[in-house]
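Got your viewer open and a fresh selection tool at hand? Load the model below and follow along, one stop at a time.

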Amino acid sequence: MRKPLDGIKVLELGNFVAAPFAGKIFAEFGAEVIKVEDPKSGDSLRNWRIMHGDTSLWWYVHARNKKSITLNLREQDGQEAVRELVKEADVVIENFRPGTLEKWRIGYEDLKIINPSIIMTRISGYGQTGPYRNKVGFGSIAESMGGIRYLTGFPDRPPVRVGLAVGDSVAGLYAVIGTLMALRAKDMDPLKKGQYVDVALNEAVFSLLEGVLPEYDMKGIVRERTGATLEGIAPSNTYMCADGKYIVIAANSDSIFKRFMNAIGRGDLAESHEFSNNQGRAQQAEYLDQIIEEWTKRHPQKEVQRILDEAGVPVGPIYSIEDIVNDEQFQARDMLEKVTLPDGEDVLIPGIVPKLSETPGSTEWIGPKLGQHNEEILGEKLTVKK
């Protein structure tokens with residue numbers, strides 16, 4: 001079965017998370033992704049988090065369907081190899097500090113002379129321009145300066161981070177979106193000219209801030225941390241159940257709120273003009289939360305879930321990874337994919353997102369060994385140090 005990106009060749013020069021995350025998505029949907037790694041150590045992610053033998057388990061997810069070649073980009077041979085490979089490439093993805101590839105004479109202006117149709121997708125901390133362009137950028141700093149850390153946590157405690165590389169992953173998604181748009185623009189251009197896509201980690205995070213900017217600009221309001229709630233939206237919170245477990249309920253639309261109140265035996269609040277719209281409910285959010293938790297504390301979590309599911313109220317438990325693995329919906333949607341590691345052991349990895357009805361993505365192989373495809377890609381085409 002053909003995949004939507006069959007025939008697209010991507011040269012991935014990135015390390016760590018953001019650019020490789022984008023490359024992973026291209027590889028899942030059929031692009032030939034050639035990952036360039038340092039000959040000695042490879043991508044740093046090979047040694048991050050939990051190890052299985054000498055390889056990170058994260059690596060097997062992050063590099064699935066990619067081909068690995070080794071080049072020292074700091075040496076002339078490695079740089080020349082990139083120039084040769086780019087002749088047949090459609091896309092180059094990189095996340096070096098701005099100016100680094102230019103120093104090696106493999107920046108966008110260099111490569112577009114070789115291949116005018118090339119699209120170079122560049123991910124950096126602060127973008128390719130501006131006073132911060134030369135600063136070292138990392139996802140955790142982008143989350144801080146992009147505004148999301150300021151809003152994460154409880155108001156009486158220091159800001160906290162989400163326990164995942166959110167900034168890097170969001171930037172990776174923008175890299176994919178931007179690259180696909182650039183490919184589409186090239187297809188429509190009679191001259192088939194390429195371009196470069198400039199993704200900044202801090203801007204990717206900043207783009208998630210909803211109405212925070214206009215609220216500040218027009219009203220002088222600085223949105224603050226609110227813990228498990230969203231200020232100005234009610235009811236939407238985390239509530240304790242009778243068995244000590246927690247559940248999230250989001251009944252903040254007018255019709256859902258009515259159904260919710262009727263389901264918990266508070267028809268008086270369902271019909272109250274005072275709570276008929278979100279503005280009224282938001283002004284008394286703490287009062288509503290108190291009433292709701294008084295009810296949830298009388299029922300175990302599964303009973304709360306059943307009652308509200310039947311009433312058509314958005315509700316769900318807070319899942320650990322163990323809960324996800326045992327959940328029938330994740331299982332039914334092929335989101336728990338079993339693959340075999342090089343040593344013969346099986347392991348679960350996340351399934352492919354999104355689901356395409358006619359040309360779905362798939363896992364063809366897990367993350368390659370360092371330099372596994374040197375001979376295939378470099379052996380007969382190039383005379384370089386591998």
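Before we start clicking: two strands count as a pair if DSSP finds at least two bridges between them. Also keep in mind that this is a predicted model.

**Stop 1: a pair of strands.** Select residues 119–124, which is strand β7, and then β8 at residues 196–200. These two strands run in the parallel sense and are joined over five bridges. Want one bridge to look at? Pick Arg-122, and you'll find its bridge partner, Asp-198, in β8.

**Stop 2: the whole sheet.** Now widen the selection to six strands, in the order β5-β2-β1-β6-β7-β8. They form an open sheet with parallel pairing. Which strands stand at the edges? They are β5 (66–70) and β8, and each has a single partner strand, so one side of each is left without a neighbour in the sheet. Turn the view a little: neighbouring strands here are turned by 20 degrees against each other on average, ignoring direction.

**Stop 3: a helix on the sheet.** Add residues 18–28, helix α1, which packs on the sheet. This helix touches β1, β2, β5, β6 and β7, and its direction makes about 145 degrees with that of β6.

**Stop 4: the core.** Next, go for the largest nonpolar core, a set of 30 residues. Light up Val-10, Phe-26, Ala-31, Ile-93 and Ile-123, the members that touch the most others. Elements giving two or more residues to this core include α7 (166–188) and α8 (201–206). Which element gives the largest share? That's α1, with seven residues. Zoom in on Ile-93: apart from its close sequence neighbours (within four places), its contacts include Val-10, Ala-22, Phe-26 and Thr-121.

**Stop 5: a loop residue.** Jump along the chain to Leu-341, in the loop between β12 (336–340) and β13 (346–350). Is Leu-341 buried or exposed? It's buried, with a relative accessible area of 5%; the cut-off for buried is under 20%. Leaving out neighbours within four places in sequence, Leu-341 is in contact with His-52, Leu-57, Tyr-60, Val-347 and Ile-366. Then try a distance label to Gly-367: 26 residues away in sequence, and 9.3 Å from C-alpha to C-alpha.

**Last stop: zoom out.** Show the whole chain, with its 17 helices and 13 strands. The C-alpha atoms fill a box of roughly 80 × 55 × 40 Å along the principal axes. Of the 386 residues, 45% are buried.

Conventions: Residues numbered from 1 in each chain as written. Predicted model: local features only at pLDDT ≥ 70, side-chain atom pairs only at ≥ 80, totals over all residues. Heavy atoms only, no water. Helix = DSSP H or I, 4+ residues; strand = E, 2+ residues; numbered from the N terminus. Axes fitted to C-alpha atoms, helices over the stretch in contact; angles between N-to-C directions. Contact = heavy atoms within 4.5 Å. Core = buried A, V, L, I, M, F, W, Y, C linked by side-chain atoms within 4.5 Å. Buried < 20%, exposed > 50% of the residue type's maximum accessible area, 1.4 Å probe, protein only.
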